[in-house]
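Please review the following briefing alongside the sequence and the structure. It is arranged by topic for reference at the bench.

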Amino acid sequence: MSDFFTIRWLVEGAVSMIDQRLLPHQVVYNTYQTPEGVSGAIRDMVIRGAPAIGVAAAYGLALVPCRSESDTPEEIIRKLEDAADMLRRSRPTAVNLVWALERILDLVHRRSFSSPIEIRDLVLEEANRIAEEDVAVNLALGKFGQELIPDRAVIIHHCNTGSLAAVDYGTALGVIRLAHEGGKDIFVYVDETRPRLQGGRLTAWELLQYGIPFQVIADSASGHFMQSGGVDLCIVGADRVAANGDVANKIGTYNLAVVAHENEVPFYVAVPKSTIDRSIPSGELIVIEERPPEEITHVGDWQITPENTPVGNPAFDITPARYITAFITEAGIIKPPYSEHLAKLFQED
Ligand code: MRU
């Protein structure tokens, strides 16, 4: 386990999250007692990363029956549906958010209840299950990923996909961490990941704690390192994978994938099955979140652009499936053709 935690349910009926806006300089845990508070934490990126957002949404729903014990079961279910609508709107791109909400609502709709306590226990149990499964799934995909990581590998990683983006281990960074824990001598180039600097702030913070050798690089430097011949592979996570294998991930992923392709560097995407959205046929249909202009005009409190500078700030981009060498999932390594092989992943469900 990591020495910190990303998100945790508190026995008194509240959710605690490490405030990722303050890392790496301050380690502060915020407590949320309402789904509105959790929704705000997701929107403001106190918590971020697709799997972590899913778990936060699940706990956000679990707060509803904890605060409505005098209501009838029908009233609580209506409040759960309203809270799910609100939580769903917190951020649009990561499908894990919707996936977790629907998993809980489906369960509630399939049961009948004689008391509010029964709903409370069911929703909390399911939210806890989603959180526990996240760690197990990440460990499973991390183990499958080992066959793609040679000893002495030099790896480029984008954004933060580690424990901070999940309950523990994470996806792409989980693969890297397990390689290190398994004795491989690896080195990571960490894209700083403008504009929110998830790489420079969060991935660097995690790698220092795990003792994994790395350098933070400007996003625009990754092409240089690949062209110089010193990079063995790139590995990233995803916020949503379309049925054809197109990937929505942190802005800059597309650039990285194209340059990796140009330099014949393998490009891997590590995802839990919950990030694969079979209802979306291809990437251009994925909604890309537009974030506030201040993320571009300012670094921290420091304004770097002239006053009134027009800004475009898409938080994610789409990497076409043809640039992806393989997906690493908890069910194994998936190679092209993706439409067929991703669909097969769900056949036994
Ligand atoms: O805007 P963020 O920080 O939530 O974006 C996170 C990413 O793009 C991650 O790569 C993705 O969610 C996968 S995390 C395991």
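The points below cover the ligand site, the aromatic groups, one helix and the unusual backbone geometry.

The model is predicted. The ligand is surrounded by 17 residues, and the protein covers 99% of the 420 Å² of accessible area that the ligand has on its own. A search of the whole structure finds seven aromatic pairs. Cis peptide bonds precede Pro24 and Pro195.

**Ligand site**

- Of the 17 residues around the ligand, those that come nearest are Arg48, Arg91, Gln198, Asn249 and Lys250.
- Arg91 places a polar side-chain atom 2.8 Å from an oxygen atom of the ligand.
- Asp239 also contributes a polar side-chain atom, which lies 2.9 Å from a ligand oxygen atom.
- In the case of Ala50, it is a backbone N or O atom that lies 2.8 Å from an oxygen atom of the ligand.
- The protein covers 99% of the accessible area of the ligand, which on its own amounts to 420 Å².

**Aromatic rings and charges over rings**

- A pair of aromatic rings is described by the distance of the centres and the angle of the planes.
- Seven aromatic pairs are found in the whole structure; in one of them, the ring centres of Phe187 and Tyr189 are 5.1 Å apart and the planes stand at 80°, so this pair is edge-to-face. The cut-off for that class is an angle over 60 degrees.
- Phe187 is partly exposed, at a relative accessible area of 23%, whereas Tyr189 is buried, at 13%. The boundary applied here is 20%, under which a residue counts as buried.
- Phe225 joins Phe187 and Tyr189 in one aromatic cluster.
- Arg177 lies over the face of Tyr210, 4.2 Å from the ring centre.
- Arg278 lies over the face of Phe346, with a distance of 3.9 Å from the ring centre.

**Helix α9**

- Helix α9 spans residues 253–262, and its residues Thr253, Leu256, Ala257 and Ala260 are buried.
- Around the helix axis these four residues cover an arc of only 95°, which puts them on the same side of α9.
- An α-helix has 3.6 residues a turn, so residues three or four places apart point the same way.
- Asn255 and Glu262 are exposed and are carried on the face of α9 turned away from its buried side.
- Just after α9, Glu264 adopts a positive phi of about 55°.

**Backbone geometry in the loops**

- Most residues other than glycine have a negative phi, and most peptide bonds are trans.
- Leu23 and Pro24 are joined by a cis peptide bond with omega of about 5°; Pro24 lies in the loop between β2 (14–18) and β3 (29–32).
- A cis peptide bond also leads from Arg194 to Pro195, with omega near 0°. Pro195 is located in the loop between β5 (187–191) and α7 (198–210).
- Thr193 is found in the loop between β5 and α7. Although Thr193 is not a glycine, its phi is positive, at about 70°, and the residue is buried, with a relative accessible area of 0%.
- Met45, in the loop between α1 (35–43) and α2 (50–66), is not a glycine either, yet has a positive phi of about 65°. Met45 is buried, with a relative accessible area of 4%.

Note on methods:
Residues numbered from 1 in each chain as written. Heavy atoms only, no water. Phe/Tyr/Trp six-rings, centres within 6.5 Å; stacked < 30°, edge-to-face > 60°. Buried < 20%, exposed > 50% of the residue type's maximum accessible area, 1.4 Å probe, protein only. Lys NZ or Arg CZ within 6 Å of the ring centre and 35° of its normal. Helix = DSSP H or I, 4+ residues; strand = E, 2+ residues; numbered from the N terminus. Arc of directions from axis to C-beta. Near = heavy atom within 4 Å. Polar contact = N/O pair within 3.5 Å; in protein donor to acceptor, adjacent residues only side chain to side chain. Areas by Shrake-Rupley, 256 points an atom, 1.4 Å probe, with all protein chains shown as cover.
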